[in-house]
Amino acid sequence: MGGTGLLLGLFLGLADKKFKVEVDEKELAIRDVLPGNNCGGCGYAGCDALAKAIASGEAPAGACPVGGAPVAEKVGAIMGVEAEAGVRMAAFVKCAGDCEKTKVQYEYTGVKDCSMMAFVPAGGAKSCAYGWLRYGSCVKACPFDAIHIVKGIAKVDKEQCKACGKCVEACPRNLIELVPYEQEFLVRCSSKDKGKAVMQACEVGCIGCRKCEKTCEHGAVSVNDNLAHIDPEKCVGCGKCAEACPKKIITGRKEETL
């Protein structure tokens, strides 16, 4: 028995040396400083995959959206480069049509999941074909508890949001997008219908009146397909577009509460 054990030990020792996979020390060090959420917000399968990509030079040191600047600095030190974390982003819901503001066509009693609305009449009970579906697929998808349903519509806590993009992927109507964390004024609507149709469906939808576009002195606001858009690169946060909006659909993020 002792001899057999000795032989097995020698065999395993030789096998370990022969088949040993060399691991990059930098890769291991980078993996240790990454958050470990494995959210995929960086575009890779998880933290292990990102660490390998950074160590091999395929991804920048500041590629982790969850870790932000602090993690980027640590990774940069490991790689011997000056890391730039990039612009901090946060999720934003492009709809303000909650239960009190949007008309309902009928009472829906089926499966409470946004993805199912493609199979029900008119794409859901709410009158607006572009609006929020209210069943919280994004809430289930968020690994950071940054989204909650308030009055039938999602609200994002941008302090909790890590910009992983899971909620963006989960929304079947593309009502969530990642915007700069510092961007103050945003358009809370996604409807491309003409003004009359919008007002028939929702109290707060964008009617494409162009008052915001005409008011903006910096060329940051434009109206395309009956919907206002704000260019974060040009916006200076003066708020004049919000003051001019008759439907008050352009609001500051400070007004967003959970």
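A salt bridge is here a side-chain nitrogen of Lys or Arg lying within 4 Å of a carboxyl oxygen of Asp or Glu. With that rule in hand, a walk through this predicted model can start with its charged pairs, which come to six salt bridges in total.

One of these contacts joins lysine 101 to aspartate 98, with 3.2 Å from N to O. The pair qualifies because 3.2 Å falls within the 4 Å limit. The two partners differ in their surroundings: aspartate 98 is buried, at 7% relative accessibility, whereas lysine 101 is partly exposed, its relative accessible area being 27%. Aspartate 98 is classed as buried because its 7% lies under the 20% cut-off.

A further salt bridge is found between aspartate 48 and arginine 31, whose closest N and O atoms are 2.6 Å apart. This contact links distant parts of the chain, as the two residues are 17 residues apart. Arginine 31 belongs to helix α2 (residues 25-33), and aspartate 48 to helix α3 (residues 47-55). Arginine 31 has a relative accessibility of 23% and is thus counted as partly exposed.

The side chains of arginine 210 and glutamate 213 also meet in a salt bridge, at 3.0 Å from N to O. Arginine 210 is partly exposed, with a relative accessible area of 34%, and glutamate 213 is likewise partly exposed, at 25%.

Arginine 210 leads on to another part of the model. Its C-alpha atom is separated by 9.6 Å from that of asparagine 224, a residue 14 positions away along the chain. Asparagine 224 lies in strand β6, which covers residues 221-224. With a relative accessible area of 42%, asparagine 224 is partly exposed; it is given this class because 42% falls between the 20% and 50% limits.

Attention can now turn from charged pairs to nonpolar side chains. Val111, Met116 and Phe119 together make a nonpolar surface patch of about 320 Å². Phenylalanine 119 sits in the loop between β1 (89-93) and α5 (137-141). This residue is exposed, with a relative accessible area of 68%. Phenylalanine 119 can count towards such a patch because its 68% is over the 30% required of patch residues.

Conventions
Residues are numbered from 1 along each chain as its sequence is written. This is a predicted model: local features need pLDDT of at least 70, side-chain atom pairs count only at pLDDT 80 or more; totals for chains, interfaces and linings use all residues. Side-chain values use heavy atoms; hydrogens and water are left out. Patches are made of residues with over 30% relative accessible area and no salt bridge: like charges are joined within 9 Å, nonpolar side chains (Val, Leu, Ile, Met, Phe, Trp, Tyr) within 5 Å. Accessible areas come from the Shrake-Rupley method with a 1.4 Å probe; for residues, only the protein chains shown count as cover. Helices (H or I, at least four residues) and strands (E, at least two) are DSSP runs, numbered from the N terminus. Buried means under 20% relative accessible area, exposed over 50%, partly exposed in between (1.4 Å probe, protein chains only).
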